[in-house]
Amino acid sequence: MSSDNLKNLIINELNKRNHFDLEKISVAFPYFDHNEIINALDSLLDLKISQGQKTKEFENSFSKYLSMPYAAAVNSGSSANLVAFAALLDLKKIKKGDEVIVPSTTFATVVSPLYQLGLVPVYVDIENKNWNLNSNLIEEAITKKTKVIMPVHTLGFPCEMDKINEIAQKYNLIVIEDCCEAHGAKYKNSIVGSLSDISTFSFFVAHNITTGEGGMILCKDEELYQSILSIREFGRLINYKSRFSSYGNMNNYDSRYMFMKNGYNVRLNDISSSLGIEQIKKLDNINKERRRNAKYVRDNLKLLSDKIYIPTTEDHNLCAYYGFPISLIDKNFNRNELCLYLEENNIETRAIMGGCLPDQPAFDNQLHRIHDDLPISRYVRDNAFFIGIHSALNQSHLDKIISTIISFFEK
Ligand SMILES: Cc1ncc(COP(=O)(O)O)c(C=O)c1O
């Protein structure tokens, strides 16, 4: 079959399946066309189904997109966070018992790798404006044990990176940006994920671009990169020059089976990577459409400004709008009732990730520190949620979101 025939066949099949006729206003949508499917088929037809050349190509295009020198693909954003910290421990840049400053409102696997690796999360409250780590509270949370600040660009809203980097420099701290919800977002003209020592991404299906499951770690330091490559792949010897290697009692042993570090197997396969290669090409347009949709909904909900709050960012930033966040500020109304009303009207809703993480059952008895009270985090836990704002939503979806929210308050 010629490639034109294959392409037409796939386009026809996709059209028949009417993916864009969304009955439900979903929180997420994998924005694929025939290119993702053809590239994945290409990997399958070449019988290249584990980590290989396509994964390298995906890493190269992502590192170029972010202007970060090193990129290592992994099987999830959670694994990206786990391996980033494992590599810092491996190189003794940090040690067990060290503290990591994190926002109290974010996703669970920002902090679970810390508990798993014997590091101590220090929960700092979020700011009112857009529910990101409050950079004004970081300095007072720092102790002699603090080694890392981990801002998370929540729902695509960029964190105050100038302030965070200034504090990090003053106290000689490492900064790791969790960009799992913020592909392509910009802080003052610079892309998030390029503003720190290390950054992590997720390509789970709910995110702005997706490989089904997947993740990426980016860094500026070659030694750290080499450690990451080994740890993501059983801890094996990476980039060996000869077929057999020697170490201690392991004389002239098969280099492929020399294990140098305590590692995991969290590799990404070439089928997923071939989706990622096509998705990156679409990212800027996807985000433009998300921003346009968000602006339309925001503008048309202005009449409810005494009842709901919608997070914002400064004009010099570009939000990637992972979702469209809303919180209730009028105490006469209840967040869960609004969510149920939206769901009854086929509009999906989600919590702002883990709410207030130290209140979660998994973490409440574990070793961490909570800096001060967490009033904004607990307010968001109890009053906020997000809905979808992705590029598969059309004008009538957006109008339905607006009219349904308005009608809830008129009821
Ligand atoms: C901020 C943040 N970090 C990490 C993750 C974990 O990513 P994954 O689902 O790919 O494991 C998520 C998941 O959505 C997230 O929102």
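In this predicted model, three strands make up an open sheet, arranged in the order β12-β13-β15 with antiparallel pairing. Its edges are taken by β12 (308-309) and β15 (384-387), each of which has a single partner strand, so one side of each is left without a neighbour in the sheet. Strand β13 (residues 324-328) is joined to β15 by four bridges, and the two run antiparallel. A handy place to find this pairing in the structure is Phe324, whose bridge partner in β15 is Ile387.

A second open sheet is built from eight strands, and here the order is β1-β9-β8-β5-β4-β2-β3-β14, with mixed pairing. Strands β1 (70-74) and β14 (369-370) form the edges, each pairing on one side only. Strands of a sheet pair through backbone hydrogen bonds, in either the parallel or the antiparallel sense. The parallel sense is seen between β4 (residues 146-149) and β5 (residues 174-178), which pair over two bridges. Within these strands, Ile149 of β4 stands opposite Val175 in β5.

Helix α4 brings the eight-stranded sheet and the ligand into one picture. On the sheet side, α4 lies across β1, β5, β8 (198-202) and β9 (215-219), and runs at about 155° to β8. On the ligand side, α4 (77-90) supplies at least two residues of the surrounding shell, as does α5 (108-116). In total, 15 residues surround the ligand, and the closest are Ser76, Gly77, Ser78, Phe107 and Ser202. By character, the shell divides into seven polar, six nonpolar and two charged residues.

Turning to another helix, α9 (residues 270-300) comprises 31 residues. From its first C-alpha to its last, α9 reaches 43 Å, close to the 45 Å expected at 1.5 Å a residue. Helix α9 also bends, by about 50°, and the place to look for this is Lys282.

Terms used
Residues are numbered from 1 along each chain as its sequence is written. This is a predicted model: local features need pLDDT of at least 70, side-chain atom pairs count only at pLDDT 80 or more; totals for chains, interfaces and linings use all residues. A residue is near a molecule or strand if its C-beta atom, placed from the backbone, lies within 6 Å of it. Ala, Val, Leu, Ile, Met, Phe, Trp, Tyr, Cys and Pro count as nonpolar, Asp, Glu, Lys and Arg as charged, and the others, Gly among them, as polar. The expected span of a helix is 1.5 Å times one less than its number of residues. The bend at a residue is the angle between axes fitted to the seven residues ending there and the seven starting there. Two strands pair if DSSP finds at least two bridges between them. Two residues are in contact if their C-beta atoms, placed from the backbone, lie within 7 Å. Axes are lines fitted to C-alpha atoms, for helices over the stretch in contact, and angles run from 0 to 180 degrees between N-to-C directions.
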